[in-house]
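Dear colleague,

I am handing over the structure below, and my notes on what was found in it follow directly after.

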Amino acid sequence: MKRSTVNDIMAAADDMIRSHGFTLPPFANWSPDEFKANADRARRVIDARMGWDITDYGEGDFDRMGLFLFTLRNGSLADLERGRGMVYAEKLLISRQDQLSPMHTHVIKSEDIINRGGATMAIQLFGSDDDGNCAEDRGGTVLCDGIARDYAPGEVILFEPGESITLMPGDWHAFWGEGGDVLIGEVSTVNDDVTDNIFREPIGRFAAIEEDVAPTHLLVSDYDTWLPGT
């Protein structure tokens with residue numbers, strides 16, 4: 001993805017988030033130079049990979065397959081292993097109309113995915129086989145707003161604003177905006193986007209960035225190369 005495109009997506013996302021009554025935390029507005037100047041104080045933000053995240057899954061067609069994310073807070077895997085401390089995470093996502101977030105599951109993370117506003121959120125579901133792979137002949141049971149719901153293999157469930165689904169490790173899912181763009185909330189156990197996204201197809205989690213202009217804000221995938229001591 002071109003950096004100019006990433007900058008434009010950030011600006012549009014911020015506008016949409018604000019239009020639904022949400023405001024991103026102050027560090028979201030830092031320039032790269034401000035992030036560098038505050039890197040010591042922001043060590044938890046950097047280490048937990050909180051912040052801006054925009055991906056085309058390495059496929060080079062963001063409008064067809066892509067996702068905007070902002071990680072608002074994130075705990076630590078060490079706390080999760082101990083069973084106490086900061087064991088949770090929260091994100092905002094924007095799924096554009098017909099923009100696919102491809103079929104995947106998680107090994108560690110359980111999550112609530114919530115339609116926070118906009119159009120309809122569509123989620124397609126499959127169960128896992130005995131080896132944990134996506135099973136096109138298996139359905140399962142999920143919680144929708146706390147109510148158990150059985151789903152058939154490959155069934156698409158539609159969620160209107162305010163509605164949500166709870167997904168456990170092994171629940172294979174893909175999602176997109178149906179009829180328009182959707183602001184999505186994610187509340188989960190500790191989030192590890194580097195190792196805990198298992199895709200059905202051999203695709204990448206992060207986008208390769210072409211530096212055609214300077215970044216407005218850093219992506220979480222920029223931290224290793226742009227910030228000292230990471």
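Two strands are said to pair if DSSP finds at least two bridges between them, where helices (H or I, at least four residues) and strands (E, at least two) are DSSP runs, numbered from the N terminus. This is a predicted model, in which local features need pLDDT of at least 70 and side-chain atom pairs count only at pLDDT 80 or more, whereas totals for chains, interfaces and linings use all residues. Residues are numbered from 1 along each chain as its sequence is written, and side-chain values use heavy atoms, with hydrogens and water left out.

On that basis, E5 and E11 pair in the antiparallel sense over 14 bridges, with Trp172 in E11 as the bridge partner of Phe126. E11 also pairs antiparallel with E3 over 8 bridges, Lys91 being matched there by Glu186, and 2 bridges join it antiparallel to E4. Strand E11 (residues 172–189) is largely enclosed by the rest of the structure, because 13 of its 18 residues are buried (under 20% relative accessible area; exposed is over 50%, partly exposed in between, with a 1.4 Å probe and protein chains only).

The largest nonpolar core (buried Ala, Val, Leu, Ile, Met, Phe, Trp, Tyr and Cys residues joined through side-chain atoms within 4.5 Å) has 33 residues, and Phe35 and Trp52 are among those with the most contacts inside it. Helix H1 (3–19) is one of the elements that give two or more residues to this core, and H1 supplies its largest share, 6 residues. A second, separate core of 21 residues includes Cys144 and Val182.

Best regards
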